[in-house]
Amino acid sequence: MASPRLAVLCAAFAFIVPASLSAQAPRPLTLQQALQRSLAVNPRLPIAERNAGMSEGRQQQAGMYPNPSVSFEIDHALAAGRSSETTLQLSQLVELAAKRDARVSAALADYDATRYQQAAVRLELLSDVAVAFVAVLSAQQRVQLFDRTAACLERLVPLMQRRVEAGASSPADVSRTQVAIGLARIDRERAKTSLAAARRDLAAQLATTAPDFTAVAGEFGRVAKPPAFSSILEAIERNPQLLRWTAVRAQRDAEALSARLKPVPDLQASIGWRHYADNNTNGVRFGVAVPIPAWDRNQGAIREAQEAAAKTEAERAANRLTLIAIVGRAYDTLNGALQEIDLLRRAIIPDARKTFAIIEDGYGQGRFTVLDVLDAYRVVTEAELREQEALQAFHVAVATIEGLTGSPLTLAGGRPR
């Protein structure tokens with residue numbers, strides 16, 4: 001059986017994935033539904049389950065006793081002038097020095113380590129699905145943004161034509177606007193290509209060759225402050241990738257013990273029945289065989305097992321540092337994205353939109369040129385794109401941290417835009 005702590009960890013994403021799965025996810029696809037489907041069909045989980053099953057088989061095999069052997073012999077069967085002797089013998093290897101117990105302990109620890117790895121694969125899968133989902137959601141937002149950009153610029157064309165007809169503007173103003181509209185359409189097509197690629201990536205996480213959802217839906221604009229980094233570090237200690245090292249150390253210690261016990265000779269006990277044909281009598285044979293560890297005392301295997309056990313703590317420490325580095329980068333990215341979003345929403349985007357509205361209105365009165373209008377709207381579009389990128393970075397960082405901690409982040413004061 002796996003450690004009870006593993007059962008708690010395996011339930012870490014219960015808030016995301018309920019036990020019952022819907023037969024068919026409604027459209028548009030939500031994150032909840034994407035996670036459900038991925039857990040049901042992604043092949044990474046069955047692979048992890050089969051690895052656990054293989055480990056369970058090794059555990060079962062480790063507890064088996066050696067099979068007895070039976071032998072049948074006829075002596076002097078073809079010797080002239082001599083009577084034959086028939087022997088039927090049963091032999092059994094008797095393991096000494098608790099070798100079987102050490103072997104079973106190693107197998108049990110290997111099973112626990114495999115179960116922890118299975119939990120780690122589950123968390124990684126949920127995180128990967130969330131990241132892929134965010135990519136699709138962000139790409140959808142970019143397509144909509146460029147749709148609005150093209151529509152807004154197209155709305156200016158009739159006004160410009162009227163000004164040209166009235167002699168207030170040059171025909172080049174219309175041409176400049178048409179170029180800007182064309183560039184916005186190109187950007188929209190690029191965004192659609194990125195959206196198609198993101199949808200395929202998400203479909204792969206759902207084990208389908210092509211997307212079977214029309215769109216995804218989620219609160220892309222919702223952001224909030226994360227908890228203190230110290231609490232995230234505490235949660236990292238419960239990551240199954242780190243917890244498994246306790247089981248790995250137990251496994252390697254048991255393997256080192258098995259290596260030390262291997263040179264201890266085992267007994268080969270036998271009992272047999274012998275029939276003497278010359279006088280038609282029977283006899284019983286007893287035998288004991290013991291190997292002599294004269295040259296091979298398993299020195300190399302003992303050294304290897306001891307070194308493997310000794311490096312476990314260093315491997316865990318290296319694994320821990322890697323996880324801390326990953327979660328640290330994600331945490332810094334999250335906070336940086338929050339600051340950028342706050343600045344964009346609080347000042348830059350409102351000011352850019354206000355400036356564009358003033359210039360657009362003033363253009364109709366002849367106070368601004370078409371270049372002023374196009375430049376003002378370019379600034380609005382660039383600011384909104386920056387917001388989209390920051391939002392994607394924020395949500396990807398959240399998914400990364402939750403995948404490493406095995407629990408949802410408690411975000412304070414989050415409100416959608």
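The following questions and answers concern side-chain packing and charge pairs in a predicted model.

The model is predicted, with local features needing pLDDT of at least 70 and side-chain atom pairs counting only at pLDDT 80 or more, while totals for chains, interfaces and linings use all residues. Residues are numbered from 1 along each chain as its sequence is written, and side-chain values use heavy atoms, with hydrogens and water left out.

Reader: Which element supplies the largest share of the largest nonpolar core?
Author: A nonpolar core is a set of buried Ala, Val, Leu, Ile, Met, Phe, Trp, Tyr and Cys residues joined through side-chain atoms within 4.5 Å; buried means under 20% relative accessible area, exposed over 50%, and partly exposed in between (1.4 Å probe, protein chains only). The largest core has 54 residues, of which L29, L202, V216, L334, F394 and I401 touch the most other members. Helices (H or I, at least four residues) and strands (E, at least two) are DSSP runs numbered from the N terminus. Several helices each supply at least two residues of this core, including α2 (31-41) and α4 (99-165), and the largest share, 15 residues, comes from α4.

Reader: How many residues apart are the two members of the aromatic pair F229 and Y331?
Author: Rings of Phe, Tyr and Trp (its six-membered ring) pair if their centres lie within 6.5 Å; planes under 30 degrees apart count as stacked, over 60 as edge-to-face and the rest as tilted. F229 and Y331 are tilted, at 5.0 Å centre to centre with 50 degrees between the planes. F229 is partly exposed at 25% relative accessible area, whereas Y331 is buried at 12%. F229 lies in helix α6 and Y331 in helix α9, and their separation along the chain is 102 residues.

Reader: Which parts of the chain does the salt bridge between D212 and R37 tie together, and how many residues apart are they in sequence?
Author: A salt bridge is a side-chain nitrogen of Lys or Arg within 4 Å of a carboxyl oxygen of Asp or Glu. The side chains of D212 and R37 meet at 2.8 Å, N to O. D212 lies in the loop between α5 and β4 (216-217) and R37 in helix α2, so the bridge joins parts whose separation in sequence is 175 residues.

Reader: Is E384, which forms a salt bridge with R148, buried or exposed?
Author: The side chains of E384 and R148 form a salt bridge of 3.7 Å, N to O. R148 is partly exposed, at 43% relative accessibility. E384 has a relative accessible area of 9%, so E384 counts as buried.
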